[in-house]
Each structure stands twice: as C-alpha cells, then as structure tokens.
Amino acid sequence: MDKFLRMPKVELFDKEVVLDRIMQLFWKKGYHDTSMQDIVEISGLGRSSIYNSFGSKREIFLAVLSRYQKEMKSHFQDKIASISNPLEAIESILLWNLDVAKSDKDKKGCFIVNTRTEMSNVDGALNIWIKNDQDKTLKIFNSLVQKGQKNGTITTAFGPSSLSTFLYSTMIGLRATAMTSDNYEQLNDMVKFAIKALKRQQKV
C-alpha cells in the first residue's frame, strides 16, 4: 500500500495546450493585469495543480515568454533555410511580421515587445532576458547582412551592425504601429522602403 502512496501523480492534462492558453492571456493582458485567478480560469486547473506543474506566476510568465520566443525564432530560421538570397530572406522576415500583424484581430502586438515596454524597467532579470533576445535577433540579421554585402546585393555604405539595428528597429516599429493602425498598405510600403535602403546601388 505504501508503494502506491509514494507513486508520483500523473498529469491528466496537455501541458502544451494549457501553456498556449496562458500565453494568450499574458499576451493580451500583460503581466501585472493578469492574476493567478485569471490563470486558474483560463487553464481549467486548480491552483495546486498550476503551482505543482508550472510554479509561481513569474515562473509561468517566463515559461510562456520563452515559448513565444522559440516560435518566433523558428519562423526566422525557416525563412533563412528556404531562401538562399539574404536580401530576399530579410524581406520575407519583415513581410511575415506584417502577415502576423494582419492576422492579429485583438491587436495584441508582439509579446516580447509588450513585455519590454511593461517590465524592462521594473525587473532587472527580465530586462537581461529581453536584451539577450534582442541580441539573438540582431545576430540573425547581422549574419544575413554580411552575406548580402559579400555577394553584392546589400549596401556596404554602413556596417553590418548598423544595418542590423536598422532592421530590428523596423521590425519592432512595424509590429507596434500595426497595434493602432489598419493601413497595411502603408506598413507594406515601410517594408519596401527598408529593402530599398538595404539594396546596393549598381554602378551604371
């Protein structure tokens, strides 16, 4: 009998499904406006089950934020792997962000950008996490820019670091602007302008 009492509890729910529900909740409401009761209700689990499976509210938040980051970087890598031309890969990444914005009916924006705005000045450890995420994205753009400069498709008037920062700022601005604008034609022009600025001018 004691042997059965010591057996670990079996989780009778899909953790990925629950994490996705909680991610959508944090994404829409932010960290501070989301209560543990909100998490209980959206997950369909009891408080004890949530704490045992996922930890504290902050631990849950970091888990779903990392989940979102992984999904974003996966899409980036897919674009890079499927498109050999670095300039076209950059354009594809920016246009994919625009497509995500178009499909965002709730106007939630980018989860990581929202977190930066809400939390970076009040949570030092989270600010480091956000800085690391920014560095990872800049590294992706930097690699593409260097390849484009090497094959002659991207301008060499500015260094890879400056152009990578320009692209990162363009992407963030795209997502942020889409939260309050439905003028996707203008946002698409924003992408076209960024790509035009990157192109190396061919000598006549």
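Helices, taken as DSSP runs of H or I with at least four residues, are numbered from the N terminus, and on this basis the chain of the predicted model follows the pattern α-α-α-α-α-α-α-α-α-α along its sequence. The secondary structure thus comprises ten helices and zero strands. Along the principal axes, the C-alpha atoms occupy a box of roughly 85 × 40 × 30 Å.

Of the 204 residues in the chain, 43% are buried, and the exposed area of the chain is about 11900 Å², of which carbon and sulfur atoms supply 53%. Among contacts between residues at least 6 apart in sequence, 69% join residues that are at least 24 apart. The side chains include 30 positive and 23 negative ones, with the centres of the two sets lying 6 Å apart.

Helix 4, which covers residues 47-54, has I50, S53 and F54 as its buried residues. Viewed down the axis of helix 4, these buried residues fall within an arc of 80°, and they therefore line one face of the helix. Such an arrangement can be set beside the geometry of the α-helix, in which there are 3.6 residues a turn, so that residues three or four places apart point the same way. The cover over the buried residues of helix 4 includes helix 2 (15-29), helix 3 (36-43) and helix 5. Just after helix 4, G55 adopts a positive phi of about 95°.

Helix 5 comprises the 26 residues 57-82, for which a span of 38 Å is expected at 1.5 Å a residue, and this agrees with the 38 Å that separates its end C-alpha atoms. The buried residues of helix 5 include K57, R67 and K73, together with I60, F61, V64 and L65.

Conventions. Residues numbered from 1 in each chain as written. Predicted model: local features only at pLDDT ≥ 70, side-chain atom pairs only at ≥ 80, totals over all residues. Heavy atoms only, no water. Helix = DSSP H or I, 4+ residues; strand = E, 2+ residues; numbered from the N terminus. Buried < 20%, exposed > 50% of the residue type's maximum accessible area, 1.4 Å probe, protein only. Contact = heavy atoms within 4.5 Å. Areas by Shrake-Rupley, 256 points an atom, 1.4 Å probe, with all protein chains shown as cover. Lys, Arg positive; Asp, Glu negative; His and termini not counted. Charge placed at Lys NZ, Arg CZ, Asp CG, Glu CD. Expected span 1.5 Å × (residues − 1). Arc of directions from axis to C-beta.
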